[in-house]
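User: Got a minute to go through this one with me? I'd like to poke at the salt bridges, the cores and the sheets.

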Amino acid sequence: MDKISSSNNMNIKNIMALQKKGKTRREQDVFVVEGIKMVSEIPVGYLLQLYVAESFGVQQEQREVLEEAVKSHGIDYQVVTDKVFREVSDTQTPQGILAVVKQAHYQWEDLFSKERAAHLIIVEGLQDPGNLGTILRAGEGAGVTGVVLSKGTVDIYNAKVIRATMGSIYRVPFFYTDCLEESLVRIQERCSIYAAHLRGVCDYDQVDYTKDTAFLIGNEANGLSDKIAAYAKQLVRIPMLGKVESLNAAVAASVLMYEAARQRR
C-alpha cells in the first residue's frame with residue numbers, strides 16, 4: 001500500500017485546515033477525530049476517511065480497532081509516515097489513528113426525550129473548548145437530553161472540544177441557536193429554567209428537578225448576562241467554603257446536572 005510521505009499531500013493539507021478552521025469544517029460539513037477510542041466509537045455511516053501512522057498496528061488492540069473500522073464502515077484506510085502524522089495531529093502524543101467524520105445535525109425536537117423528562121443544558125457564550133467538551137461528557141453521564149448553544153459559543157467541533165467529550169460528541173444531541181432569547185421562550189413553554197448565579201435565592205439542592213428542567217450556564221469570565229438570567233424561573237446558588245466565589249463553568253454545570261440525575265433516580 002502506498003503511504004503518504006509529504007505534508008503537501010492534498011488530503012493532509014485539508015485535514016490540517018479542518019483541525020484549525022471552523023469555517024472549513026462548516027463548509028465541508030465534517031470534523032476530525034483522533035485516537036483509538038474516538039475512532040472506535042464513530043457511528044456507522046459517519047466515517048468518511050481513515051488515516052493511520054506507519055507504526056500503527058504493532059499492538060493487538062490497534063489492529064483490532066483498525067480491522068473493525070474497515071469492516072463496520074466499509075472503507076479502506078490510508079497509511080501516513082510517522083513524521084507526517086505528527087505534523088497533521090492536533091495532540092502532543094498522537095496515537096497514530098485519525099478520521100474525518102460527518103457532522104451530526106439535530107432538530108429542535110431531538111433535545112427532548114419521549115421516554116423521560118427533559119434535562120437540558122443551555123450555554124451562553126462559552127469560550128473554553130475544554131469546558132464545553134467536559135459539559136457534553138458529564139452531561140451524557142448525568143442523562144441530559146440535549147444541549148443548547150448560543151451563537152457566540154465555541155465551535156463544538158473544535159479539536160479540543162472533541163477530545164474533551166471522550167466520545168459523547170456522538171451521542172448527546174445539541175442545537176446552535178441564532179437567537180438565544182427566542183429559544184429560551186420556546187424552552188419556557190416546556191421546561192422550568194434554573195440558573196446558577198451569585199445572586200441565587202436558594203441552594204441548588206433545595207429545588208425539585210424531577211420534571212422537565214433546563215439549566216443556564218454562562219461565559220467563563222462574565223457569567224450569565226442579565227437579560228439571559230432573567231429567563232430563569234429561579235436563580236440558585238452553589239454554596240462555597242473558603243474564599244472561592246464561583247466554580248469553573250463545566251464544574252458548576254456538572255453539579256447541577258448530577259443533582260437532577262440524583263433526584264430522578
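User: Okay, which residues are linked in a network of salt bridges?

Analyst: That would be Lys37, Glu41, Glu140 and Arg171. Keep in mind that this is a predicted model.

User: Noted. How far apart are the closest N and O atoms of Glu140 and Arg171?

Analyst: They are 2.6 Å apart. The pair ties together distant parts of the chain, with Glu140 in helix α6 (residues 129–142) and Arg171 in the loop between α7 (159–165) and β8 (174–177), 31 residues apart.

User: And is Glu140 buried or exposed?

Analyst: Neither one fully: Glu140 is partly exposed, at 32% relative accessibility. Arg171 is partly exposed as well, at 40%.

User: How many salt bridges does the count come to?

Analyst: The count is 13. Among them is the one between the side chains of Arg190 and Glu109, at 2.7 Å from N to O.

User: Where do Arg190 and Glu109 sit?

Analyst: In distant parts of the chain, 81 residues apart. Arg190 is in the loop between α8 (180–188) and β9 (192–196), while Glu109 is in the loop between β5 (97–102) and β6 (119–123). As for cover, Arg190 has a relative accessible area of 35%, which makes it partly exposed, and Glu109 is also partly exposed, at 46%.

User: What about Arg262 and Glu259, how do their side chains meet?

Analyst: In a salt bridge, 2.7 Å from N to O. Both residues belong to helix α10 (residues 249–264), and because they are 3 residues apart there, about one helical turn separates them.

User: Is Glu259 buried or exposed?

Analyst: Glu259 is buried, at 7% relative accessibility. Its partner Arg262 is partly exposed, at 45%.

User: Let's switch to the inside. Which members of the largest nonpolar core touch the most other members?

Analyst: Val33, Val39, Ile97, Ile121, Ile156, Ile169 and Tyr209, out of 56 residues in that core. The element that gives the most to this core is α10, with 8 residues.

User: Pick Ile121. What is Ile121 in contact with, leaving aside neighbours within four places in sequence?

Analyst: The list is Ile135, Val144, Gly146, Val147, Val148, Phe215, Ile217 and Met257.

User: What does the second, separate core include?

Analyst: That core has 21 residues, including Leu120, Leu180, Leu216 and Tyr231.

User: Leu120 again: what stands opposite Leu120 in β7?

Analyst: Gly146 does. The strands involved are β6 and β7 (residues 146–150), which run parallel and are joined by 4 bridges.

User: So what's the strand order of the open sheet of 7 strands?

Analyst: The order is β8-β7-β6-β11-β9-β12-β10, with parallel pairing. At the edges stand β8 and β10 (202–203); each has a single partner strand, so one side of each is left without a neighbour in the sheet.

User: And the order in the sheet of 5 strands?

Analyst: That one is open too, running β1-β4-β3-β5-β2, with mixed pairing. Its edge strands are β1 (3–4) and β2 (30–34), and each of them pairs on one side only.

User: In which sense do β2 and β5 pair?

Analyst: They pair in the antiparallel sense, over 5 bridges. If you want a spot to look at, Val30 stands opposite Lys102 in β5.

User: Last topic, the surface. Which residues form a nonpolar patch there?

Analyst: Val244, Leu247 and Val251 form one, with about 210 Å² of accessible area together. Leu247 belongs to the loop between β12 (234–237) and α10, and its relative accessible area of 32% makes it partly exposed.

User: Where's Ser246 then?

Analyst: Ser246 is in the loop between β12 and α10. It is partly exposed, with a relative accessible area of 46%.

User: And what is Ser246 in contact with, leaving aside its neighbours within four places in sequence?

Analyst: Leu198 and Met240. You could also look across to Ala196: its C-alpha atom is separated from that of Ser246 by 9.7 Å, and the two residues are 50 residues apart along the chain.

Key: Residues are numbered from 1 along each chain as its sequence is written. This is a predicted model: local features need pLDDT of at least 70, side-chain atom pairs count only at pLDDT 80 or more; totals for chains, interfaces and linings use all residues. Side-chain values use heavy atoms; hydrogens and water are left out. A salt bridge is a side-chain nitrogen of Lys or Arg within 4 Å of a carboxyl oxygen of Asp or Glu. Helices (H or I, at least four residues) and strands (E, at least two) are DSSP runs, numbered from the N terminus. Buried means under 20% relative accessible area, exposed over 50%, partly exposed in between (1.4 Å probe, protein chains only). A nonpolar core is a set of buried Ala, Val, Leu, Ile, Met, Phe, Trp, Tyr and Cys residues joined through side-chain atoms within 4.5 Å. Contact means heavy atoms within 4.5 Å. Patches are made of residues with over 30% relative accessible area and no salt bridge: like charges are joined within 9 Å, nonpolar side chains (Val, Leu, Ile, Met, Phe, Trp, Tyr) within 5 Å. Accessible areas come from the Shrake-Rupley method with a 1.4 Å probe; for residues, only the protein chains shown count as cover. Two strands pair if DSSP finds at least two bridges between them.
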